[in-house]
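Got your viewer open? Let's take a walk through the model, one selection at a time.

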Amino acid sequence: MHRFLSIYSKSTSLKNRKQLHLPFLSPLSSATPKGQSCFHYFNPNPPSLGTRLAFDRVFSSGYFPNRVNLRERERYGNGFLRWKGFVGEIRSYSCETDRESIEYDVVIVGAGPAGLSAAIRLKQLCQEKNADLSVCVVEKGAEVGAHILSGNVFEPRALNELLPQWKDEEAPINVPVSSDKFLFLTKDHAISLPCPFDNEGNYVISLSQLVRWMGAKAEELGVEIYPGFAASEILYDEDNKVVGIGTNDMGVAKDGSKKENFQRGVALKGRITLLAEGCRGSLSQKLMKEYKLREKVQAQHQTYALGIKEVWEIDENKHKPGAVLHTLGWPLDSKTYGGSFLYHMKDRQISIGLVVALNYHNPFLNPYEEFQKLKHHPSIKPLLEGGTVLQYGARTLNEGGFQSVPYPVFPGGAIIGCSAGFLNVPKIKGTHTAMKSGMLAAEATFGTLHEGSNMEAYWDALRNSWVWEELHRARNYRPAFEYGLFPGLAVSALEHYVLKGKSPFTLKHGKPDHEATNVAKLHSPIEYPKPDGVLSFDVPTSLHRSNTNHNHDQPAHLRLRDPDIPETVNLPEYAGPESRYCPARVYEYIPDEKNQLKLQINAQNCLHCKACDIKDPKQNIEWTVPEGGGGPGYSVM
């Protein structure tokens, strides 16, 4: 009987590793060369990425190679085995009643800047202290970096601490900021403002490429990274302590039946679990509620923005590597917080995008269409003319800052990076703070597992770090704009130039984003111009450029808590806002056989931006992870 197993070739690098589908036979085929195993990809070095997980699956399923020369087995009290010999050391596993279980010292969810920084720092500490901790990183993207989107001006402060020799190790960080401008836009003009961003010493980068490089560094240190596996549930012990995560089942049909290629999800168990899922992480959200982590430190609700971005290749004569531009104002109205960015990268590429705060009031506002308008502004249009769009993407980002950081420690682990929300809003930067949080969590994890301390040390270290100092200094910028654009600018200027973050008060955020949406009768519909196909584009065209792909025959990962709310509440009261705030046309109202409008969910279009999970007026949409490997495929974002 054939058993098909999806693995990743370990003979290639992170950049060009390809997914393979190999049949395994039981018993082994007589065609196997004498003296050789059909597991030709095994060697004495610990396998990387998916090969390690594939190997564990094969062993636990009873499919052994001919050459079983395992020299030693160790049994643990919980039924887990650790195999030594054949491939160095294979992580422990057991067969639970319905799925396989693999055990590590530390399980990290998310191979972004925070997760990889935590993994690298843990292995560095192991080297420094002569310790041995097994570290696993599970990533829902098809490869490391596939779901990483950022219009990124990178501050290298955390990287300098983590990998001081990065300049000598071919890190994809080679375009220093050369100029920095800040404009206030009206419909036809641009007014220069004093630039508050202080980007001296920073770099214009592709964050997607940076995390690929970091993934390779983590592997070199012995971190095991499993791309293409989506963490879908939290695992608890009898004391309600987190003991790991479960990955999504693979090969489930849309109707819930098991397809021929069905594979049960795997339980990845860790003595410590670190959640680095990025903004609005689904498991992180559940744990915050489960353990009341916001209430524990009286943190305010999180507030979010939606960032929409394109990468263009432009005429060489217009390209200025390292040039940075930020704008406020048009095309957004004075009551909607947001702004644009335009960064000149290398190789004639520019990154351009619009960030729209999701606490906007008008349900007719369409962030995607606002971005299309932006590109026609007289200060931007000449730069793009004659250019070509290479890629499109969208992602939400945390803007709550200092006031919204929850207590990040839960029984059995911690929340790190943008899952907890460390974005510095006035800097428009969160990568360096996310990385530092991962490093601090790694140090607390090592102390807990190796030195007998506890994970609360992470919270203490965080509050004594430059991350906390930076967020505290920036705490009043975002809530100042609750009063409108011009009051916000005035308060921001006072904070930046006079008080320098030392205000005797801390402003509060307004309503949660979903509550900020007004009913439709208070606003007029917005008429957006049709795309010209040169500078502005329709959603299907842009979606194609995101390389988004989902298996159509799988259960929808976007779920309605109450299937009646779209037609009974959202459509009549709010004019169906989900059809506009989603930048991928996932949600459409279409007439049924009785000509009644019904909500159709095109889950295969999903960019994993999470805007729907945040902005739905009645919080009726739940974003969950699809099959691992699905979603966008960013490479230069």
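Contact here means heavy atoms within 4.5 Å. With that in mind, select Leu268: leaving aside residues up to four places away in sequence, Leu268 touches Ile102, Tyr104, Val107, Cys136, Val138, Tyr226, Val243, Gly244, Ile245 and Thr247.

A quick word on what you're looking at. This is a predicted model, where local features need pLDDT of at least 70 and side-chain atom pairs count only at pLDDT 80 or more, while totals for chains, interfaces and linings use all residues. Residues are numbered from 1 along each chain as its sequence is written, and side-chain values use heavy atoms, with hydrogens and water left out.

Next, widen the selection to Ile173, Ile245, Leu268, Leu274 and Tyr458. These touch the most other members of the largest nonpolar core, which has 85 residues. (A nonpolar core is a set of buried Ala, Val, Leu, Ile, Met, Phe, Trp, Tyr and Cys residues joined through side-chain atoms within 4.5 Å; buried means under 20% relative accessible area, exposed over 50%, and partly exposed in between, with a 1.4 Å probe and protein chains only.) Now color helix 9, residues 431-450: this helix gives the most to that core, with nine residues. Helices are DSSP runs of H or I with at least four residues, strands are runs of E with at least two, and both are numbered from the N terminus.

Then pick Leu185, Ile350, Val586 and Ala611, which are among the 78 residues of a second, separate core.

For a change of scene, go to Lys502, in the loop between helix 13 (485-499) and helix 14 (539-545). Is Lys502 buried or exposed? Exposed, with a relative accessible area of 71%. Add Arg473 as well: 29 residues separate it from Lys502 in sequence, yet the two are 6.6 Å apart, C-alpha to C-alpha.

Finally, zoom out: the protein chain has 17 helices and 28 strands, and 60% of its 637 residues count as buried.
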